[in-house]
Amino acid sequence: MPPTIIIQARSNSKRLPNKVLADICGKPMLWHVFNRCISSGIMSVIAIPEGDKPLIDFCSTNAIPFYEGDENDVLDRYYQAARIFYADPVLRVTGDCPLIDSTLIKELHLLFNANTYDYISLCCGAAAITCSTGRSFPDGIDCEIMSFSALEEAWEDATRPSDREHVTPYIWTRPDSFMVGRFEPPGD
């Protein structure tokens, strides 16, 4: 199965509605995120809440593959998108990170392939439980990668609302069950 970047997006953000469609240099933020992701050479799709018309229109107009799923159970939305697009491994990016770096995405994917990890985070924020030294990269370029089997196990077993809403905590809070790693930069 091919690696796939699944970009999580929704238009109904409570703090800043439609932020993923905010104009940045004449294009919506999500356009920039998607194009940075596909420039990594890895297939990219957008996972949106079911019936999110502004994002359905955006994806349709720009010929971007997307999956509509549960608005609140984002873990289910990711799992179903990964299953439908035959993704393995699954890379997770959020639609409000327009500075995501395609080179770091590629390096994260290479690191994942070269090891036996179930999950690796580019930034400490997502894997804080394993990080004693702080973030490895700045906030806003976060990317995570996980095997489809780890995602599927989380999908099957996660019951806490926070695990269902945030996709990966079920994985990175269980280092006894999953091989969890963190991408370290080569220097300061």
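Reader: Along β5, which side chains point to one face and are buried?
Author: Side chains alternate along this strand of the predicted model, and Phe66 and Glu68 point to the other face and are not buried (buried: under 20% relative accessible area; exposed: over 50%; partly exposed: in between; 1.4 Å probe, protein chains only). Residues are numbered from 1 along each chain as its sequence is written, and side-chain values use heavy atoms, without hydrogens and water. The model is predicted: local features need pLDDT of at least 70, side-chain atom pairs count only at pLDDT 80 or more, and totals for chains, interfaces and linings use all residues. The buried side chains, which point to one face, are those of Tyr67 and Gly69.

Reader: Which residue stands opposite Tyr67 of β5?
Author: β5 is joined to β4 by four bridges, and the two strands run parallel (strands are DSSP E runs of at least two residues, helices H or I runs of at least four, numbered from the N terminus). β4 covers residues 43-49. The residue opposite Tyr67 is Ala47.

Reader: What is the strand order of the open sheet?
Author: The sheet has seven strands with mixed pairing (two strands pair if DSSP finds at least two bridges between them). Its edge strands, β5 (66-69) and β9 (180-182), each pair on one side only. Neighbouring strands are turned by 25 degrees against each other on average, direction ignored (axes are lines fitted to C-alpha atoms, for helices over the stretch in contact; angles run from 0 to 180 degrees between N-to-C directions). The order is β5-β4-β1-β6-β8-β7-β9.

Reader: Which residue of β6 is the bridge partner of Ile5?
Author: Strand β1 spans residues 4-8 and runs parallel to β6, to which five bridges join it. In β6, the partner of Ile5 is Leu91.

Reader: What angle does the direction of α3 make with that of β1?
Author: Helix α3 packs on the sheet and touches β1, β4, β5 and β6 (contact: heavy atoms within 4.5 Å). Helix α1, residues 29-38, lies across β1, β4 and β6, and runs at about 150 degrees to β4. For α3 and β1, the angle is about 150 degrees.

Reader: What is the omega of the cis peptide bond from Asp88 to Pro89?
Author: Pro89 belongs to the loop between α3 and β6. The bond that links Asp88 to Pro89 is cis, and its omega is near 5 degrees.

Reader: What phi does Asn18 have, although it is not a glycine?
Author: Asn18 is located in the loop between β1 and β2 (23-24). At 35% relative accessibility, Asn18 counts as partly exposed. Its phi is positive, at about 65 degrees.

Reader: Is Cys25 buried or exposed?
Author: Cys25 sits in the loop between β2 and β3 (27-28). It has a positive phi of about 55 degrees, although it is not a glycine. With a relative accessible area of 76%, Cys25 is exposed.

Reader: Which residues does Pro98 touch, not counting those up to four places away in sequence?
Author: Pro98 is part of the loop between β6 and α4 (102-113). Its C-alpha atom is separated by 26 Å from that of Ile84, 14 residues apart along the chain. Leaving out residues up to four places away in sequence, Pro98 touches Ile24, Met29, Val33 and Arg36.
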